[in-house]
Amino acid sequence: MSHQHNPLKKAFRSLRGAFFIVAVFSLFINIAMLTVPLYMLQIYDRVLASMSTDTLIMLSILAVGLLVLNTLVDIARSRVLVRVGAVLDEKLSSPLFRAALNKPGSAAGQPLRDLATLRSFLSGSGMLALMDAPWTPLYLVIIFLFSPLLGTVALVGALIILGLAILGEVAARGPMQTAASDSRKANECVDVMARNAEAVTAMGMVGALEQRWLDNHESGLAFQASASDRVAAINAVAKTVRLLLQIAILGFGAWLALQQIITPGVMIAASIIMGRALAPVQAAIGGWKQVIDARAAHARLKETLADTGGDLPATKLPPPEGRLLADDVTLRLPGQAEPVLKRVSFELHPGEAMGLIGPSGAGKTTLARLLIGFWPATTGSIRLDGVEISGWPKADLGPHLGYMPQDVELLEGTVSENIARFDTQDDARIVEAAEIAGARETILHLPSGFDTVIGAGGHVLSGGQRQRIALARAVYRLPRLIVLDEPNANLDSDGEVALVKCLDRLREHASTVIIITHKPALLSRVDKMLVLRDGTRALFGARDEVMASLAGRSAPCAPSYFTRSREPSLAMSTVGGHATG
Ligand SMILES: Nc1ncnc2c1ncn2[C@@H]1O[C@H](COP(=O)(O)OP(=O)(O)OP(=O)(O)O)[C@@H](O)[C@H]1O
């Protein structure tokens with residue numbers, strides 16, 4: 001349905017033509033750069049020797065013409081590079097915006113910041129220096145042609161400067177990476193503090209957090225300073241080496257001129273060409289930070305985009321009926337030795353509702369994330385109407401899927417926009433969803449009803465109000481598969497009654513529903529139950545059978561098991577490992 005490919009590589013591949021044009025322009029510019037030294041050479045050795053005004057005029061016209069042309073090509077080269085940056089942005093910003101979904105907290109904006117770094121590098125002086133650097137050997141060859149001795153001096157000098165450039169990069173890379181990671185940690189600290197402002201302030205945690213932030217902030221600055229110091233020292237040495245080299249070229253040139261091996265014109269021309277040859281290398285040392293930043297940004301982008309897959313034109317599938325099959329599902333999260341889910345299997349027919357229960361940390365929310373295709377299973381599969389759900393293009397599947405996460409966050413916008421998932425608004429469907437979710441009255445009591453703006457800077461909703469609106473969003477257009485993760489967490493008794501009615505409506509409509517809850521009233525509305533324990537299927541089957549099995553095995557604790565979702569571990573420890581049903 002969709003093929004794995006890296007959009008970064010694809011974007012660079014599509015820009016190969018532009019880079020070729022830039023390379024050709026660079027060749028012309030670097031050849032045109034020889035205009036001044038060669039003009040000088042001709043003046044010294046030809047015009048002054050022959051005293052010919054005509055030659056002077058001809059040479060001057062030629063030189064001015066070449067320089068004007070050079071300016072035009074230079075402008076064109078910069079324009080092409082600016083457009084390269086724009087094309088890169090156009091091709092990558094959308095996949096990177098989506099990739100941000102998989103990044104935790106404050107790291108979410110990193111991919112788009114990396115793209116901006118790469119784009120400004122490509123369009124800036126750093127890239128121009130990189131394009132000019134490959135032509136350094138051309139200048140060295142010309143100096144060799146003037147005189148092998150001068151050529152050797154120039155070559156040795158160029159190698160020393162190149163060595164210094166590499167040394168600068170190596171010396172700065174380590175401290176720069178540490179500085180970047182420290183400053184990221186410091187930013188995360190501020191982020192976490194702002195998000196937990198109430199707890200942090202009330203429990204007097206500000207001082208300790210400030211210390212933690214300060215440690216990272218100061219360490220970041222120290223590493224940055226160390227990198228800058230190293231590069232500044234190397235830069236100063238490189239500058240001196242460059243000046244020494246000019247002296248060496250002029251000195252050796254003068255000596256060769258005294259021996260009448262070369263003319264004074266060649267001496268001056270060689271000195272100017274040498275300066276030109278080393279300019280890009282010197283610029284690269286000066287712009288070391290940009291180069292390191294751009295390279296790091298490129299590496300991160302490559303990694304971020306490695307498995308995004310991209311939405312190649314895929315065959316559009318018919319709307320699902322709601323047959324859900326979890327087949328031997330195992331999930332291993334990166335950096336964790338134990339799988340979070342181990343060989344979980346179950347099947348639901350269209351229109352069936354399943355209660356998902358288990359102690360805290362059993363893997364219920366994780367399974368819910370797999371059921372909606374947010375994470376793919378490590379092994380095994382989850383299929384909706386026979387199609388692997390994580391591979392189903394999200395834009396196609398989205399309208400057929402309803403999900404209500406445990407921690408409900410609504411987005412900035414109106415209540416209507418949130419319910420309609422920010423898609424084109426269908427007022428009748430929005431009101432219908434609010435009614436099914438039992439949220440209509442709650443919404444009409446808000447200052448502007450369905451048009452109340454919520455989110456940052458908007459109306460502040462209570463936990464229960466948020467939950468009701470999120471339920472309306474989940475049932476908008478009555479999707480075929482609905483996953484509700486503790487939808488009753490913040491609801492009062494009215495809210496719970498509304499939720500029970502909502503489940504009845506969804507059953508009438510034959511939506512397949514998975515509900516994570518321990519409330520008996522809600523569980524009384526499901527057909528099947530799955531009990532998870534330590535990521536494995538402890539029990540699965542018809543509700544009454546599973547209930548009977550639970551009650552039988554944990555008779556003394558059974559009632560408390562269904563009333564408090566957060567403390568079921570005692571009861572669960574008595575549940576056998578064999579599945580029923
Ligand atoms: N994004 C994640 N990264 C790493 N580990 C995770 C992640 N999400 C969940 N886990 C781990 O997976 C296990 C199961 O967590 P999960 O949230 O699915 O449990 P749960 O049954 O929903 O618990 P609760 O009833 O408390 O919500 C836990 O040990 C948790 O630490």
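Let's start on the outside, where Phe144, Leu155, Leu159, Leu162, Ile166 and Val170 form a nonpolar patch on the surface, together offering about 520 Å² of accessible area. Helix H8, covering residues 148–195, supplies the largest share of this patch, with five residues. Isoleucine 166 is one of the residues placed in H8. Please keep in mind that the model you are looking at is predicted.

Now step back for the whole picture. The protein has 23 helices and twelve strands. Of its 581 residues, 43% are buried. Its accessible surface comes to about 28,800 Å², and carbon and sulfur atoms account for 61% of that. The chain also brings distant parts of the sequence into touch: among contacts between residues at least 6 apart in sequence, 74% join residues at least 24 apart.

The strands are a good next stop. Strands of a sheet pair through backbone hydrogen bonds, in either a parallel or an antiparallel way. Look for strand S1 (residues 324–331), which pairs with strand S2 (residues 341–348) in the antiparallel sense over five bridges. Within this pairing, alanine 326 has phenylalanine 346 in S2 as its bridge partner. S1 also pairs with strand S4 (residues 379–384), again antiparallel and over five bridges. Here leucine 325 finds its bridge partner in arginine 383 of S4.

Further along there is an open sheet of six strands, in the order S6-S9-S10-S3-S11-S12, with mixed pairing. Strand S6 (401–404) and strand S12 (536–542) stand at its edges; each has a single partner strand, so one side of each is left without a neighbour in the sheet. On average, neighbouring strands of this sheet are turned by 15° against each other, direction ignored. At one end of the order, S11 (residues 528–533) and S12 pair in the antiparallel sense over six bridges. Lysine 528, for example, has alanine 542 in S12 as its bridge partner.

Next, visit a residue in the interior. Asparagine 418 sits in helix H15 (residues 415–419). Is this residue buried or exposed? Asparagine 418 counts as buried because its relative accessible area is 1%, and the cut-off for buried is under 20%. Leaving aside neighbours within four places in sequence, its contacts are Leu410, Leu411, Gly413, Ile454 and Arg473.

Charged side chains give us another set of landmarks, for the structure holds 21 salt bridges. In one of them, aspartate 492 meets arginine 468, at 3.6 Å from N to O. Aspartate 492 lies in the loop between strand S9 (481–485) and H19, while arginine 468 belongs to helix H18 (residues 463–475), so the pair ties together parts that are 24 residues apart in sequence. Aspartate 492 is partly exposed, at 46% relative accessible area, whereas arginine 468 is buried, at 13%.

Helix H19 (residues 493–508) brings us to arginine 505. This arginine forms a salt bridge with glutamate 508, with the closest N and O atoms 3.9 Å apart. Because the two are three residues apart in helix H19, about one helical turn separates them. Glutamate 508 is exposed, at 64% relative accessibility, and arginine 505 is partly exposed, at 36%. The C-alpha atom of arginine 505 is also separated by 6.8 Å from that of isoleucine 436, a residue 69 places away along the chain.

Two more stops finish the tour. Glutamate 441 forms a salt bridge with arginine 440, their closest N and O atoms being 3.5 Å apart. Elsewhere, Asp74, Arg77, Asp132 and Arg276 are linked in a network of salt bridges.

How values were computed
Residues numbered from 1 in each chain as written. Predicted model: local features only at pLDDT ≥ 70, side-chain atom pairs only at ≥ 80, totals over all residues. Heavy atoms only, no water. Helix = DSSP H or I, 4+ residues; strand = E, 2+ residues; numbered from the N terminus. Buried < 20%, exposed > 50% of the residue type's maximum accessible area, 1.4 Å probe, protein only. Pairing = 2+ DSSP bridges. Axes fitted to C-alpha atoms, helices over the stretch in contact; angles between N-to-C directions. Contact = heavy atoms within 4.5 Å. Patch = residues over 30% accessible without salt bridge, like charges linked within 9 Å, V, L, I, M, F, W, Y side chains within 5 Å. Areas by Shrake-Rupley, 256 points an atom, 1.4 Å probe, with all protein chains shown as cover. Salt bridge = Lys/Arg side-chain N within 4 Å of Asp/Glu carboxyl O.
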